[in-house]
Amino acid sequence: MDFRQLRSARALEFAIREINNETDLLPGITLGYQIHDSCSDVLMATKCAFQFANGVDSVFNDSCSKSAAAAVPALVGDSSSTPTISMATILGLFGIPQVSHSSSCACLSDKRQFPAFFRTVPSDEHQADALARLVKRFGWTWIGTVRSDSDYGNNGMASFLKAAQEEGICVEYSEAYFRTQPRSKLERVANVIRRSTARVIVAFASIGDMRFLLEELSKPPSPRLQWIGTSSWVTQSEFLRYNMCAGAIGFGIPRSVIPGFREFLLEISPSQALKSPILKEFWESSFSCSLNGRTEGVRECDGSEDIRALENLYTDMSQLGFSNLVYEATYAIAHALHSVVCNDTKCDKTTEYAPWQILDELKRVNFTTKNGYQVNFDSNGDPVAVYELTNWQFRKDSALDFVPVGYYDASRPRGQEIGISSVISWVGGDTEVPVSVCSESCPPGTRKAVQKGRPVCCYDCIPCAEEEISNITDSLDCLRCPPEFWPNTKQDSCLPKPVEFLSWDDTLAIILTVFSITGAFMSGCVTAVFYKHRTSPIVRANNSELSFLLLFSLTLCFLCSLTFIGRPSEWSCMLRHTAFGITFVLCISCVLGKTIVVLMAFRATLPGSNVMKWFGPPQQRLSVLAFTLIQVIICVLWLKISPPFPYKNLKHYKEKIILECSLGSTIGFWAVLGYIGFLAVLCFFLAFLARKLPDNFNEAKFITFSMLIFCAVWITFIPAYVSSPGKFTVAVEIFAILASSFGLFICIFAPKCFIIIFRPMKNSKKHLMGKYASKAL
């Protein structure tokens with residue numbers, strides 16, 4: 001016998017007895033009732049519904065006692081969703097209101113199909129949503145589900161699966177079972193559960209189906225699972241014997257206290273039990289005796305039985321949730337009836353009414369029960385959804401017990417419906433939340449790649465590509481860093497790329513700076529030596545004015561290399577290239593002038609030659625100025641049309657920024673270099689022609705060597721400049737400037753300085769002209 005259902009039936013009796021004793025609710029009117037058992041059978045429920053509509057009194061035997069009574073004005077029940085659906089369909093046609101305390105199928109909220117149905121138990125739509133969010137809250141994305149193969153289980157699970165999908169939860173399996181199905185089906189479902197990799201299972205099942213399933217799973221090997229239950233079974237005391245369910249959690253009907261109800265339940269005496277077939281069955285099954293002594297093999301009850309000593313679901317007052325819902329449903333009908341037949345505090349017993357009137361009033365009921373519960377219905381005939389979060393925890397005596405650990409209240413703001421108020425015990429009594437995922441979370445720096453043919457919760461963690469990051473767990477995509485940023489080693493954040501340029505504190509820059517300053521210092525020293533010996537034959541013989549101008553230009557060449565060092569700016573980019581181009585042309589122009597002077601001077605010594613008249617000092621100055629002015633014009637046009645500018649080179653290296661000077665106009669750059677090259681080649685050609693002049697007079701061979709070095713350096717510079725990466729491009733350019741400058745300086749001035757300082761006896765006109773004179777004779 002189902003003691004819980006008996007307790008629910010007696011809750012209706014208790015509520016009606018209270019109502020009949022009320023002075024402000026239906027005063028002067030006594031309510032009657034009949035209790036019927038549909039046995040959770042659709043055919044029996046359908047038969048009952050038709051008999052209620054036709055005014056038949058009893059359905060307990062084939063010879064139903066008929067009376068002229070009118071149709072039943074209202075009905076409390078049924079307990080199961082499937083029989084309730086059949087009853088509600090029929091009663092709705094007759095407008096007979098039906099208030100269920102336990103039928104929670106979401107389908108019953110459809111007022112077009114069930115216009116006369118109300119309930120005091122929340123719709124499974126809320127429970128499904130609450131369960132999905134509970135699963136999501138604890139990070140379980142890989143679960144299994146099992147359900148009753150009935151309207152309750154199928155509709156409830158469909159709502160849950162929809163809510164779970166919206167929460168990103170994947171279901172490994174979803175099995176259905178009904179207790180009347182073959183045992184092979186039960187064994188198959190149990191094996192699926194045992195073999196699964198999901199550690200969390202949601203069971204949307206009735207008590208009877210869960211009883212069979214848990215009994216089968218309790219056979220070795222029992223799976224270690226985190227059970228998530230619904231209100232139908234998660235607070236059933238009979239299941240506490242299954243220790244494998246320790247840590248189970250689920251939403252149940254809130255615990256309630258009904259004042260006076262326990263005393264009412266314990267008022268049964270043997271004589272009272274004999275008057276009711278239901279109570280007689282309860283008494284005999286509880287005490288294992290026969291009240292009338294006619295049951296063979298069973299002792300006769302002798303009156304020593306003490307109902308207060310019983311410990312079963314009938315006397316258990318710890319879980320009165322469903323009994324309280326019966327209590328609320330009965331009071332709801334009474335309040336609706338009061339609104340129909342009563343006027344203020346007076347009621348007229350003779351008032352004729354139809355069931356549809358009670359139906360209309362039920363839509364508007366709004367009252368508070370004696371034990372403090374608010375009762376009203378929304379437009380679908382549903383109450384406000386309130387659940388108690390129940391956890392199965394071990395007591396000190398190692399027995400399982402129900403412990404409330406939280407709540408669900410649909411009246412609270414969205415996202416705040418669920419509250420956890422106590423510590424939860426998990427599967428096996430553990431204190432740590434179990435993990436149930438198909439794949440471990442992908443850490444930042446990776447992205448999820450769904451495994452082919454499997455649910456979206458099963459994925460591989462793929463490292464982000466070289467220039468991409470992901471800064472959240474379980475990222476679906478990697479994000480590309482902005483152009484001026486680069487991923488860190490973990491690829492979970494973008495860091496500014498280091499900016500590279502030839503800075504002053506760079507070792508290479510320091511070395512080049514030392515050479516540059518050394519070259520400039522040496523030029524200054526040679527200038528001082530030449531100035532001191534400016535009247536000496538060797539200085540005067542090689543055109544002292546051009547020599548001083550050449551030394552000045554070489555000093556500028558050495559120093560202009562410094563403009564290439566440091567952070568590029570708009571002005572430094574324009575200065576470095578133009579200064580380099582103009583100073584080098586000035587330098588080559590001077591060398592070219594000296595070469596021409598050598599050639600002209602040799603020709604001037606021939607009898608009858610007056611060539612020096614056409615290339616004297618004024619012409620030499622003018623030629624240097626003209627050659628230099630052409631380079632100045634090229635540089636001005638370059639700066640005017642498309643000048644060099646600072647540029648962040650993001651293409652050469654992925655992991656760093658090369659801060660360099662963009663040429664602006666490449667034509668301008670190569671025009672500057674080309675003009676320098678043209679003058680150098682011309683100078684080399686002329687010096688080559690003058691290489692066989694008398695040695696003591698001739699510096700053409702030194703100019704030839706210097707131009708050879710110059711051309712070799714700059715021809716080598718072009719491929720090195722193009723192929724050098726980053727700051728080394730600038731270093732190559734500086735090296736070319738210094739190498740060619742030192743080549744000119746050493747080849748042209750080192751021999752003269754050697755004679756001036758170490759061989760002063762050769763610094764004479766006689767020595768310079770001696771060899772030439774001997775050859776002339």
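In this predicted model, the count of disulfides comes to nine. The tour visits several of them, then two cysteines without a partner, and ends at a surface patch.

Select C105 and C107 to begin. Their sulfur atoms lie 2.4 Å apart and form a disulfide, a pair counting as bonded when the sulfurs are within 2.5 Å. The torsion about this S-S bond is about 130°, so the link is right-handed. C105 is buried, at 0% relative accessibility, whereas C107 is partly exposed, at 22%.

Move next to C289 and C301, which a disulfide joins with an S to S distance of 1.8 Å. Both residues occupy the loop between α10 (277-287) and α11 (321-341), so the bond ties together parts that are 12 residues apart in sequence. Both cysteines are buried, and the torsion of about 85° makes this disulfide right-handed.

Then display C438 and C458, whose sulfur atoms are 1.9 Å apart in a disulfide. C438 sits in the loop between β15 (418-420) and β16 (446-450), and C458 in the loop between β16 and β17 (459-463), so the pair connects parts 20 residues apart in sequence. C438 is partly exposed, at 21% relative accessible area; C458 is buried, at 0%.

Now select C560, a buried residue with a relative accessible area of 4%. The closest cysteine sulfur, in C557, is 5.6 Å from that of C560, too far for a bond. C753 is likewise in no disulfide, the nearest cysteine sulfur being that of C525, 9.5 Å away.

Finally, show L629, I633, L637 and I641, a nonpolar surface patch with about 420 Å² of accessible area together. Within it, L637 belongs to helix α17 (residues 617-641) and is partly exposed, at 48%.

Notes. Residues numbered from 1 in each chain as written. Predicted model: local features only at pLDDT ≥ 70, side-chain atom pairs only at ≥ 80, totals over all residues. Heavy atoms only, no water. Patch = residues over 30% accessible without salt bridge, like charges linked within 9 Å, V, L, I, M, F, W, Y side chains within 5 Å. Areas by Shrake-Rupley, 256 points an atom, 1.4 Å probe, with all protein chains shown as cover. Salt bridge = Lys/Arg side-chain N within 4 Å of Asp/Glu carboxyl O. Helix = DSSP H or I, 4+ residues; strand = E, 2+ residues; numbered from the N terminus. Buried < 20%, exposed > 50% of the residue type's maximum accessible area, 1.4 Å probe, protein only.
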